[in-house]
Amino acid sequence: MENTTPARGPGPEHDAVDAITDQWAAVRPDLETLPMAVYGRIHRLSAAIREEVGKAYKQYGGMSLGEFDVLATLRRSGAPYTLSPRELTSTLMITTGGMTGRLDKLERAGLITRSPDPNDRRGLRVTLTEEARNLVDQAVAAGLVRQREAVDSALTPEEAQQLAGLLRKLLATTG
């Protein structure tokens, strides 16, 4: 297959991903590098946004992205803001060991409580405390401000909507 150089639209004339795909095109002109350009930019953008949003969350009790994810999952589950560790693990796609560590830290900080599951003698329920609910509400708003700034600095509202749709379509094909 013939190399397809990614289209260069508005914005930086040549970025680090272009440099990588250009190098591959030079040594392997038979490769189509457009998918590499798409996924490379998604990967780099994800890392950059996670870092920026992580800084916003850190201002609220020093919470990490992983801790925020647990608290936010409980918050968006709705009142009474309670889930089982298994529900949290499956939603956040982390190991049970990783979840236990996060829950231990959040419980020590007074942001969650763990109690027996009234419907399962072997189960537990994890509940968001009132303090954590207020904290996560503030942190999610601050994170959204950082995300909004990043989106608005580069895209029109129409472009942002189009990109969201295209990424949804791409994500649906990845499993």
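The legends below describe close-up views of a predicted protein model.

**View 1. The whole chain, with its helices and strands.** The predicted protein contains seven helices and three strands, and along the sequence these elements follow the pattern α-α-α-β-α-α-β-β-α-α. The radius of gyration is 21 Å, well over the 16 Å that the globule rule gives for 175 residues, so the protein is more spread out than a compact globule. Taken along the principal axes, the box that the C-alpha atoms fill is roughly 60 × 30 × 25 Å. Of the 175 residues, 28% count as buried, and the protein exposes about 11,600 Å², of which carbon and sulfur atoms supply 57%. When contacts between residues at least 6 apart in sequence are considered, 52% of them join residues at least 24 apart.

**View 2. Helix α2 and the helices that its buried residues pack against.** Helix α2 runs through residues 34-58, which makes 25 residues in this element. From its first C-alpha to its last the helix reaches 36 Å, close to the 36 Å expected at 1.5 Å a residue. The buried residues of α2 are Ala37, Gly40, Val53, Gly54, Ala56 and Tyr57, and they pack against three helices, namely α1 (16-27), α3 (65-76) and α6 (130-154). In reading such a view, it helps to recall that an α-helix has 3.6 residues a turn, so residues three or four places apart point the same way.

**View 3. A nonpolar patch on the surface.** Leu34, Val38, Tyr39, Ile42, Leu163 and Leu167 together make a nonpolar surface patch of about 450 Å². The elements that give two or more residues to this patch are α2 and α7 (157-172), and the largest share, four residues, comes from α2. One member of the patch, Ile42, is placed in helix α2, and Ile42 counts as partly exposed because its relative accessibility is 32%, which lies between the 20% limit for buried and the 50% limit for exposed residues.

**View 4. The loop between α3 and β1.** Three residues of this loop, which leads from α3 to β1 (82-83), are picked out here, and one of them is Pro80. The peptide bond from Ala79 to Pro80 is cis, with an omega angle near 10 degrees. Tyr81 also lies in the loop between α3 and β1, and its phi is near 60 degrees, a positive value in a residue other than glycine. With a relative accessible area of 16%, Tyr81 is buried. Ser77 is found in the loop between α3 and β1 as well, but Ser77 counts as partly exposed, at 35% relative accessibility. If the neighbours within four places in sequence are left aside, Ser77 is in contact with Thr82 and Leu83.

**View 5. Met93, in the loop between α4 and α5.** Met93 is placed in the loop that lies between α4 (85-92) and α5 (96-108). Although Met93 is not a glycine, it has a positive phi of about 55 degrees. The relative accessible area of Met93 is 73%, so this residue is exposed.

Definitions and conventions
Residues are numbered from 1 along each chain as its sequence is written. This is a predicted model: local features need pLDDT of at least 70, side-chain atom pairs count only at pLDDT 80 or more; totals for chains, interfaces and linings use all residues. Side-chain values use heavy atoms; hydrogens and water are left out. The expected span of a helix is 1.5 Å times one less than its number of residues. Buried means under 20% relative accessible area, exposed over 50%, partly exposed in between (1.4 Å probe, protein chains only). Contact means heavy atoms within 4.5 Å. Patches are made of residues with over 30% relative accessible area and no salt bridge: like charges are joined within 9 Å, nonpolar side chains (Val, Leu, Ile, Met, Phe, Trp, Tyr) within 5 Å. Accessible areas come from the Shrake-Rupley method with a 1.4 Å probe; for residues, only the protein chains shown count as cover. A salt bridge is a side-chain nitrogen of Lys or Arg within 4 Å of a carboxyl oxygen of Asp or Glu. The radius of gyration is taken over C-alpha atoms; the globule rule is 2.2 Å times the number of residues to the power 0.38.
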